[in-house]
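User: I would like to go through the terms used for this model and see how each one follows from its criterion.

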Amino acid sequence: MTGGAQLGARLRERDLSAAPATLNLLESTAPADREQARALLREVSPAALGGEALGHIIGVTGPPGAGKSTLLSALLGAWRGTPHDAGGQGRTVAMLAVDPSSRRSGGSLLGDRARIEFDPADRGVFIRSTAAGERLGGLAWGTRAAAQALAAAFDVVVVETVGVGQAETEVAEVADTVAVIVQPGSGDVLQFLKSGIMEIPDVLVVTKADLGQVALSARRDLSAALRSLGRRSTQVIAVSSLPPASGVDELMQAIADHRARIDIPARRLRARRGGALTDFIVEHGERGLRALGGRRAAEGWLAEQDPKLDEAALLKALEERMTR
Amino acid sequence: MSGDPTHRLPENELPLAHRLPERDRPWMMRTYAGHSTAKASNELYRRNLAKGQTGLSVAFDLPTQTGYDPDDELARGEVGKVGVPVSHRGDMEALMEDIPLEEMNTSMTINATAAWLLALYIVAAETQGVPQEQLQGTTQNDIIKEFLARGTYAFPPAPSMRLIADTIAYTVEHVPKWNPINICSYHLQEAGATPVQEIAYAMSNAIAVLDAVQERMGTLPGGPPGGWRSRPEAGWPKRGCEPEASVSRLRSDPSSSSSARISHGDPTRIAEVFGRISFFVNAGVRFVEEHAKLRAMGILWEELGRERYGVEDPKLLRLRYGVQVNSLGLTEAQPENNVQRIVLEALAVTIGRDARARAIQLPAWNEALGLPRPWDQQWSLRIQQVLAYETDILEYPDIFEGSKVMEGLVAELLEGARAEMAVVAEHGGAVEAVPYMKAALVDSHRERLRRIESGEQVVVGQNRFAESEESPLTADKSDPARPGILVVDPAVEAQQIEAVRRWRAERDQATVDAALAELARAAQVPDENLMASTIAAARAGATTGEWARTLREVFGSYRAPTGVGEASGAPAQDPDARDADGGAAARELAQLREQVAALAERIGRRPKILVGKPGLDGHSNGAEQIAVRARDAGMDVVYEGIRLTPAQIAASALQEGVHVIGLSILSGSHRELIPAVIEALQEVGVTAPVVVGGIIPEQDVAPLRQAGVAAVYTPKDFDLTRIIADIVELVGERNGAVATV
């Protein structure tokens, strides 16, 4: 077995210590590593797992300063159980924090990790910061692949992104459940209502519920807007992370409810096919797309492929079709 | 000028406008001191007082400053290092033994835990039979600059502001001669602030504090609806008056009355509070401008008092400030040059009578090398004494009165400061503007370093005139027995751990439990002043760690913004730009960026570095600048911030898959903490190399390298781009890709 395949097999056996090496491999652009990455992903594909990965992939997104890190700390604590409970009863959590890169230098400052509180001795938590890389506003290929791979080993996989607009759409491509965070009284709510992406969130979170009236009215505006769009099932949850924290349990419940409600295999399949096509376009551009007979033809062809194929395999299949 | 002619003036002649009838009394002279144990520090204080020092300035160690006992995991390596550990009333009593507290004027550099240390001081005075009404001194008690620059905070902003307001309200009533807060612009300059930023942020900070106290005193006992938690993120509740409006009033429109501002509370009370607020400022080597800065602060302060708080008594309106002059500009290279820097900086705060410091403490010439010894500190005290007793500066009225240069400089600074204060007000005041101010400081500091690297700003002995004869002052630094700096006995930590455990075992536990329960109860009642229950807990024998833990449980813990995420990118690559070095620094960075990109291609990922500070040291400027420069060079940087345990660093390094780990320590705890980090890394199987930066004495370099450190950087290495280039090369070597440098 090759290194990549071995890592994949370890993930399949829910060996959480395979996570760091998995990310190192999936983030690498070296051709040899790419080959290994494909081998890894094959080992955690629905075909190898005998179904969809059991982990819940959750997208969390919102503008800077909305309180994402604080909220994620609270969620992490809630998923793991109380910090002192080392009994292993809690759910295992992987977090992928995506930061925008500096476009001038190509470098990036990944500061989110410092703001998420967790017990370093807890082997059930894995946090990785990644730069969005050169892809404007998008999730790097490695991040999507990582979310899918880690879902084979962890109970919860969080993909955290910054921003309003583009980031939500990108995160929706990979997540089972998308939580969008807005901060009341900051202009976020208005911005959000105007942005036309009300379709994206499965759960809306209004932070800083301790602000009282402002938070209440933000929550009311959002609920009204969702109702007018006919999205009555989208819950709006108010949370406060200041002690005594409130709303975190409700949020956890809303996220779990959403998952129980949706058809996971259908959503994942759509995500894999959509992701493969997005990556194909990034690699080969419009010209490549034309070679496939246009977007709709490509989507139609993808829809006929084996639903158990992983994203990397689908991408490879598209590339083969292009050169044929 | 009237008054009696003195012996200086000949008979029958009018008093002269250019001479004082009587020589001024010197300012208060202090030395920032304390280390190892309360007993050792007490001996040092008594020696210093015998040498002509006129007040005390207590340096506490980092565990005491951040609210941990010596046996806490986070205290490891830090006990007794940068100051004295004070864990309970017994320590404070030992620290002040045989020092008559009714006569002493004691300044305590203590912030997050100021309420607690003040309580211990009050209780220690009780033991000496001195009532609190007679106590004189200062608690620094300025939390905003801890979030901005110094890092020894313990609680989130809102409850921190509450503690400050509580100590102020308490002392105004019960300890009337005490200065309950020192608004610090000092640390802002150390973090890279320009004079304008220093003035503006300090004044904005003072406004935040005064508003908080006014709110607290004005609304007691009922309290605002929802109490202090009505706007917890903000730190203090918004009132009817918009910040913009109050600032435009600050822009000295004398016709606008500010009485509306004091809508509740007793106006004479807020005037009293205003009069108790003092400042702690910095002075850099550009001493003419620095003097102008202090004059500008005096003008703004008076304006603020009159117009925002309705203070009329001229005595209460006067800016009172103490000084520690600049440490940021002190060099490790040719450290003897620091003496003349310190002299000139001291001149900045003494030369003009209208803006003269009330109290001065000077850094030691060898601070960039390690902790100063008593002899080094004595040298600094002697500088003050020469200035005060040998020169003639105390014989004249203000020598800059009518100076066009001084007036012009002051006007310039005032204009800049008012504009910057308006920006802070637009952010909602100083507490809300912490992320903005932090990012602005990181940017200013980066600009300062760029100027030094490019040679635009000359630092004698460092980037110019660097050739030197061998120094007899530092010649013996290779001799471990005579290191030329203070080395705290490593046994101190174990002794203190043992001592605090003994203290806990010997006290009446039931009394302590009851006192802490009462403290927790009071903390949950937003309108209750916490000083009473804090003093009761001090009296009962509670420890520093217990007091802080009790409050952390109620208030929650907090991590301040790092400022690095918001810091802007590298200056644009304008090919026509003409730096003093003809653009060499910018070219060097661009070249490095190419190397990083090439290395990324070879190894498959962008080189990734973890930057963090183990231990309790909160001086994060160096780490922040390294993080920003590494980012500008094209690296992926995981910035972890301050107060990390070795286990946290190891977990992050593993999970993040970094290629190299950069650690920064300035508190002298590197000998314990760095090997502990390396051990923790090995435990989790991380093989990435570790580099260390900070105040590392030369004799410690070899042991660190032996422990597995790949490279050590000290203040001598001022060229950050070169450091990053070094690190990139190291990453290349370790990953089998030889970088072409």
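User: What makes β2 (residues 93-99) and β5 (residues 156-162) of chain A a pair of strands?

Analyst: Two strands pair if DSSP finds at least two bridges between them. β2(A) and β5(A) are joined by five bridges and run parallel, so the criterion of at least two is met. Within this pair, Leu96(A) has Val159(A) in β5(A) as its bridge partner. Strands here are DSSP runs of E with at least two residues, and helices are runs of H or I with at least four, both numbered from the N terminus. The model is predicted: local features need pLDDT of at least 70 and side-chain atom pairs pLDDT 80 or more, while totals for chains, interfaces and linings use all residues. Residues are numbered from 1 along each chain as its sequence is written, and chains are lettered from A and ligands numbered from 1 in the order in which they are written.

User: Which strands of the open sheet in chain A are called edge strands, and why?

Analyst: The sheet has seven strands in the order β4-β2-β5-β1-β6-β7-β8, with parallel pairing. β4 and β8 (235-238) of chain A are its edge strands, as each pairs on one side only. On average, neighbouring strands are turned by 20° against each other, direction ignored.

User: How do you know that β3(A) pairs with a strand of chain B?

Analyst: β3(A) and β12 (residues 636-644) of chain B share three bridges in the parallel sense. Leu109(A) stands opposite Val637(B) there.

User: How many residues does each chain give to the contact?

Analyst: Chain A gives 32 residues and chain B gives 38, a contact being two C-beta atoms, placed from the backbone, within 7 Å. On the side of chain A, β4(A) has the largest share, with five residues.

User: Why are α18 (residues 509-524) and α19 (residues 531-540) of chain B called roughly antiparallel?

Analyst: Their axes come within 9 Å and cross at roughly 165°. Angles over 145 degrees count as roughly antiparallel, under 35 as roughly parallel, 65 to 115 as roughly perpendicular and the rest as oblique. α18(B) and α19(B) are therefore roughly antiparallel. The axes are lines fitted to C-alpha atoms over the stretch in contact, with angles from 0 to 180 degrees between N-to-C directions.

User: Which residues of α18(B) and α19(B) meet?

Analyst: Among them are Ala515(B) and Leu519(B) in α18(B), and Ala536(B) and Ala540(B) in α19(B).
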